[in-house]
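Subject: Structure handover

Hello,

Here is the structure we talked about. Please open it first, then read the notes below it.

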Amino acid sequence: MTSTTTRPGVRRALTDRGATGRLVRAALVDAVGTGLFRSAFVVYLLTRTGLSSGEVLLGLSVAAVCGLVCSVPISALGDRYPPVRLLGVLHAWRALWFCAYPFVTGFGGYLAVAVLTGIADRVASPVLQSAIGSVAPAGDRVVVMGVVRAVRNVGFTVGALTATGALALGWDQVVPLGNSASFAVAAVLVWLVPIVHSGQPERGRVSRTAVLRDRRYLLLAAVNGVLAMYLTVLSVGLPLWVTTHTAVDGAYVPLLISGNMVLAVLFQPVVASRVRSLRHAANCCLGSGLALAATCACLAVSATPALWLAITALVLAVATHTLGELLHSAGAWEISYDLAPPARRSVYLGVFNLGVVGQDIVGPSAMALCVTAGTLGWLTLGGVFALAGAAVVGLTRPLVRAARHGPGADEN
């Protein structure tokens with residue numbers, strides 16, 4: 001995968017012996033452990049540590065805020081040191097601290113471990129993106145991110161199924177220790193990635209605080225966080241809505257979410273391969289906003305007492321949600337790469353990721369308000385998604401025009 005003439009796919013990436021192949025395989029192993037832990041950690045903590053549900057949620061909130069504060073400073077280290085090495089350190093750090101969960105006996109210990117692992121969890125995403133940007137050709141970066149997204153969905157599914165079996169057999173300690181082992185393996189795989197010395201002479205020419213003065217990039221990061229709220233729509237909004245406002249049995253929620261994951265695995269690399277310019281990326285974000293608005297409309301319709309119509313509306317909601325998710329991911333990756341100076345790519349990507357981290361913090365509360373407001377809540381959220389997609393086009397239009405009319409511009 002060292003040429004842009006051959007677009008990398010999932011099978012090619014998993015069998016590739018080069019740098020990108022190792023990063024993809026590390027992402028897969030990481031996702032298996034993460035899926036194992038995330039699907040069962042609440043049950044594990046409540047049954048093994050004696051914590052209350054309120055204490056568990058408080059710990060997660062504190063960890064999320066700490067991750068928000070530390071995300072940019074840690075991401076910025078990728079501009080001083082090879083980002084693949086920073087990613088390896090983050091994996092090793094998480095492998096170490098997830099081993100501490102079996103020794104947690106009270107809220108203080110849980111809070112410490114949650115914060116220490118949570119900071120690395122929040123930073124890992126932009127650092128991985130920066131690492132891929134440092135080893136993959138420019139024309140393949142978004143496609144490789146699409147492949148990573150696809151294999152991670154596979155890994156999450158395998159991990160969740162493993163967690164189900166472990167809990168059923170009473171092997172509760174497999175939940176944190178399995179996650180720790182996955183990070184240890186991922187750290188080794190990442191550490192085997194050779195460092196490519198690009199010799200960029202511009203590395204010292206861009207101020208470390210330049211991103212804080214880049215108002216367009218900051219606004220795009222904020223809008224990206226709004227579009228990324230689809231993550232909470234699927235994980236929080238959909239389950240709450242189905243179980244409290246529709247005639248559909250809540251037992252079908254996992255099936256709906258599984259359908260989303262299957263579609264994402266099949267089509268994320270395909271959609272990502274179609275994005276080759278800033279204009280394409282902006283149009284993807286606009287399409288994402290409209291698709292997510294359609295999702296909200298379908299969820300509003302699903303409140304009907306007619307069971308067949310409710311089921312149809314929910315299936316359509318998952319389909320449009322998946323389309324919005326795929327378009328948003330591909331567009332956001334290209335925008336964050338394209339507008340980040342190579343000399344400060346890591347810190348720029350860390351800032352861009354703040355929108356997603358912020359969504360993780362406020363998203364659940366926003367979903368609770370939306371579900372409480374009923375149909376009006378979903379229609380309002382749909383309008384917000386549509387406006388966010390349009391805002392991306394508006395913010396990038398001057399840059400697209402400049403590139404189109406500038407010397408050597410790419411008309412694609």
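A residue counts as buried under 20% relative accessible area, as exposed over 50%, and as partly exposed in between. Ser-134 has a relative accessible area of 30%, so it is partly exposed. Keep in mind throughout that this is a predicted model.

Ser-134 belongs to helix α6. Its C-alpha is 7.5 Å from that of Pro-83, although 51 residues separate the two in sequence.

**Salt bridges**

The count is six salt bridges. Three of them are described here.

Arg-152 and Asp-30 pair through their side chains, with 3.2 Å from N to O. This pair links distant parts of the chain. Arg-152 is in helix α7 (residues 141-168), Asp-30 is in helix α2 (residues 19-38), and they are 122 residues apart. Both Arg-152 and Asp-30 are buried.

Asp-121 and Arg-94 form another salt bridge, at 2.8 Å from N to O. Asp-121 sits in helix α6 and Arg-94 in helix α5, 27 residues apart; this pair, too, links distant parts of the chain. What is the burial state of each partner? Asp-121 has 27% relative accessibility, so it counts as partly exposed. Arg-94 has 4%, so it counts as buried.

Arg-149 and Glu-325 meet in a salt bridge of 3.1 Å, N to O. Here the link runs from helix α7, which holds Arg-149, to helix α14 (residues 307-338), which holds Glu-325. These residues are 176 apart in sequence. Arg-149 is buried, and Glu-325 is buried as well.

Which residues do shared partners join into one network? They are Asp-30, Arg-94, Asp-121 and Arg-152.

**Aromatic pairs**

There are ten aromatic pairs. One of them is Phe-98 with Phe-183. Their ring centres are 5.7 Å apart and their planes meet at 20°; planes under 30 degrees apart count as stacked, so this pair is stacked. Phe-98 lies in helix α5 (residues 83-98) and Phe-183 in helix α8 (residues 174-191), so the pair ties together parts 85 residues apart in sequence. Phe-98 and Phe-183 are both buried.

Phe-107 and Tyr-110 make a tilted pair. The centres are 6.3 Å apart, with 55° between the planes. Both residues are in helix α6 (residues 107-135), three residues apart, so about one helical turn separates them. Phe-107 or Tyr-110: which is buried and which is partly exposed? Phe-107 is at 24% relative accessibility, so it counts as partly exposed. Tyr-110 is at 1%, so it counts as buried.

Ring pairs also build a cluster. Its members are Phe-37, Phe-41, Phe-98, Tyr-101 and Phe-183.

**Charges over rings**

Arg-85 lies over the face of Trp-191, 4.9 Å from the ring centre. Arg-141 has its charged end over the ring of Tyr-337, 4.6 Å from the centre of that ring.

**Nonpolar surface patch**

Val-65, Leu-68, Val-69, Ile-361 and Val-362 form a nonpolar patch on the surface. Together they have about 380 Å² of accessible area. Two elements give two or more residues each: α4 (53-76) and α16 (354-373). The largest share, three residues, comes from α4. Ile-361 is in helix α16. With a relative accessible area of 30%, Ile-361 is partly exposed.

**Cysteines**

How many disulfides does the structure hold? The number is zero. Cys-70 is in no disulfide; its nearest cysteine sulfur belongs to Cys-66, 6.3 Å away. Cys-70 has a relative accessible area of 24%, so it is partly exposed.

Why is Cys-296 not bonded to Cys-370? A disulfide needs the two sulfur atoms within 2.5 Å. The sulfur of Cys-370 is the closest cysteine sulfur to that of Cys-296, but it is 6.3 Å away, so it is too far for a bond. Cys-296 has a relative accessible area of 1%, so it is buried.

Best wishes

Note on methods. Residues are numbered from 1 along each chain as its sequence is written. This is a predicted model: local features need pLDDT of at least 70, side-chain atom pairs count only at pLDDT 80 or more; totals for chains, interfaces and linings use all residues. Side-chain values use heavy atoms; hydrogens and water are left out. Rings of Phe, Tyr and Trp (its six-membered ring) pair if their centres lie within 6.5 Å; planes under 30 degrees apart count as stacked, over 60 as edge-to-face and the rest as tilted. Helices (H or I, at least four residues) and strands (E, at least two) are DSSP runs, numbered from the N terminus. Buried means under 20% relative accessible area, exposed over 50%, partly exposed in between (1.4 Å probe, protein chains only). A charge sits over a ring if NZ of Lys or CZ of Arg is within 6 Å of the ring centre and within 35 degrees of the ring normal. Patches are made of residues with over 30% relative accessible area and no salt bridge: like charges are joined within 9 Å, nonpolar side chains (Val, Leu, Ile, Met, Phe, Trp, Tyr) within 5 Å. Accessible areas come from the Shrake-Rupley method with a 1.4 Å probe; for residues, only the protein chains shown count as cover. A salt bridge is a side-chain nitrogen of Lys or Arg within 4 Å of a carboxyl oxygen of Asp or Glu.
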